[in-house]
Each structure stands twice: as C-alpha cells, then as structure tokens.
Amino acid sequence: MTAEPNPLRKAARNVRRQQLIDSTITVLGRKGYAALTVADVAREAGLSPGIVIFHFNSKDELLAAVLGHLASEYRAHWETRVKAAGPAVADRLRALMLSDFDGSVFTPEKLAAWIAFWGETQGRPVYDQICAGLDAERLAATESLCRELVAEGGYALDPHLVMRSLESLCDGLWLGLAADGAGYS
C-alpha cells in the first residue's frame with residue numbers, strides 16, 4: 001500500500017510558510033520555547049527540516065516570523081472587534097477587552113506560544129522590536145477609549161491609570177489561564 005501524497009507537497013511559498021508557522025505554534029504549545037527544534041516543527045508539518053530552513057534560514061528567523069504572525073493576527077482581531085462594536089464607547093471598550101479571549105486568537109496553543117515569547121523578550125530584543133509598535137497601538141487605543149468613557153461619564157479618574165488597570169487585568173487573566181485554566185470559565 002502506498003502512502004497518499006501530501007496535498008501541500010508543492011504548495012505555494014506563502015502557503016508553506018503559513019503551514020510552518022502554524023506547526024511552530026503547535027510545537028510551542030506542546031513543548032515550550034527551549035525544547036522546540038526545527039526537526040519538531042518539520043515533523044509536525046509533515047515536511048523535512050531542510051524545508052523549514054529553506055523558508056526561514058534559521059530557527060531564530062522562524063520564531064521571529066511566528067511572533068510577527070501572532071502579533072499581526074492579534075492586532076487585526078481587536079481592531080475588527082472594536083469597529084464592529086458600534087459607536088457607543090462602552091461597547092467599543094468592552095469589545096477591545098473581550099477580544100483578548102476570543103477563540104480565534106485565544107487558543108491553548110497560541111496562549112502557550114505568547115507566554116513562551118514573553119519569557120524570551122529580555123534575552124532577545126528582536127521580539128520586543130516585533131511587538132513594540134503593535135503594543136503601543138493597543139495601549140493607545142485602550143487609553144483613547146478610557147479617555148472617552150471618563151469624559152462621557154464625568155468621572156474623576158485618570159484615563160491612563162484606567163487603561164493600565166484594564167490591560168494589566170487582561171494580561172493577568174492570560175497568565176492565570178496559562179498557569180491553571182481550570183479555575184476560570
């Protein structure tokens with residue numbers, strides 16, 4: 001009996017790169033950052049390690065591409081959610097905060113990948129460079145909505161402090177879910 005040919009064997013470059021990025025996210029979720037190897041990614045994708053290196057030149061380049069993909073996906077997701085929420089500032093802020101926990105960007109594998117990258121930012125400045133602009137945009141969007149909400153409600157609150165509190169709450173929930181998701185619904 002002969003094996004069925006892999007339908008993605010002759011996939012376009014962008015399709016293959018995405019396949020490898022997705023496989024890397026899966027391996028990060030299962031093994032973590034330190035234990036991940038190019039061979040693991042290749043095996044998960046059903047490809048040879050040489051194909052991984054052909055598309056990304058190195059493990060470091062592959063991991064940077066994965067982080068860039070996750071960050072871009074995350075940004076596009078929260079921007080779409082905010083736009084779809086309508087004109088009410090409270091609805092837009094709620095959509096922004098809840099977008100962190102939507103199933104399209106918040107999966108166990110993606111959460112584990114984000115946590116792995118967070119743990120590596122001190123030793124790998126390239127990761128901080130990849131996310132710095134996107135993080136600044138997210139914080140600015142949150143602060144802008146907080147500023148609108150504070151003004152609209154006539155509250156005596158510092159919008160920057162409110163933004164920091166909300167963003168810290170979301171980050172803390174991500175960490176809590178990564179550590180022990182059993183305690184959260």
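## Starting from Lys31

Lys31 is found in helix H1, and it makes a handy entry point to this predicted model. Its relative accessible area is 39%, so Lys31 counts as partly exposed. Although Lys31 and Ala113 stand 82 residues apart in sequence, their C-alpha atoms are 9.9 Å apart in space.

That pair brings up how contacts are spread along the chain. Among contacts in the protein with a separation of 6 or more, 66% join residues 24 or more positions apart.

## Overall architecture and confidence

How many helices and strands does the protein have? There are eight helices and zero strands, and from the N terminus on the order of elements reads α-α-α-α-α-α-α-α. The C-alpha trace spans about 70 × 35 × 35 Å along its principal axes. Of the 185 residues, 35% count as buried.

As for confidence, the average pLDDT is 89, and 94% of the residues score at least 70. Please treat the start of the chain with its scores in mind: over residues 1-5 the pLDDT stays under 50, and the model has zero contacts beyond four places in sequence for that stretch.

## The nonpolar core

Let us turn to the interior. In soluble globular proteins, nonpolar side chains tend to be buried together. Here, the largest nonpolar core has 42 residues, and the members that touch the most others are Leu28, Val66, Trp114 and Phe117. At least two residues of this core come from each of helix H1 (13-31), helix H2 (38-45), helix H3 (49-56), H4, H5, H6, H7 and H8. H4 supplies the largest share, with 10 residues.

Which residues does Val66 contact once its neighbours within four places in sequence are left aside? They are Ile21, Thr24, Ile25, Leu28 and Phe117. Two of these partners, Leu28 and Phe117, are also listed with Val66 among the core members that touch the most others.

## Helix H5 and its cover

Helix H5 covers residues 89-99, and its buried residues are Val89, Arg92, Leu93, Ala95, Leu96, Met97 and Ser99. A charged residue, Arg92, and a polar one, Ser99, therefore appear in that list beside nonpolar residues such as Leu93 and Met97. What lies over the buried residues of H5 includes H4, H7 and H8.

## The largest pocket

Rolling a probe the size of a water molecule over the atoms shows where empty space is left. In this model, the largest pocket holds about 470 Å³ of space. Its lining is made of 22 residues, and those nearest the pocket centre are Tyr74, Trp114, Trp118, Asp135 and Asp171. Trp114 thus has a place in two parts of this report, as it is also one of the core residues that touch the most other members.

Which helix gives the most to the lining? H7 does, with seven residues. Helix H4 (59-84), helix H6 (108-120), helix H7 (125-153) and helix H8 (159-180) each provide at least two lining residues. By residue class, the lining splits into 12 nonpolar, two polar and eight charged.

## A backbone detail at Asn57

One last spot to look at is Asn57, which sits in the loop between H3 and H4. Asn57 is not a glycine, yet its phi is positive, at about 70°. Is Asn57 buried or exposed? With a relative accessible area of 55%, Asn57 is exposed, because the cut-off for that class is over 50%.

Terms used: Residues numbered from 1 in each chain as written. Predicted model: local features only at pLDDT ≥ 70, side-chain atom pairs only at ≥ 80, totals over all residues. Heavy atoms only, no water. 1 Å grid on protein atoms, 1.4 Å probe; cavity = no way out; pocket = protein on both sides within 12 Å on 5 of 7 lines; lining within 4 Å. Points joined across faces, edges and corners; volume = space filled by probe spheres on them. Helix = DSSP H or I, 4+ residues; strand = E, 2+ residues; numbered from the N terminus. Buried < 20%, exposed > 50% of the residue type's maximum accessible area, 1.4 Å probe, protein only. Contact = heavy atoms within 4.5 Å. Core = buried A, V, L, I, M, F, W, Y, C linked by side-chain atoms within 4.5 Å. pLDDT = per-residue confidence, 0-100.
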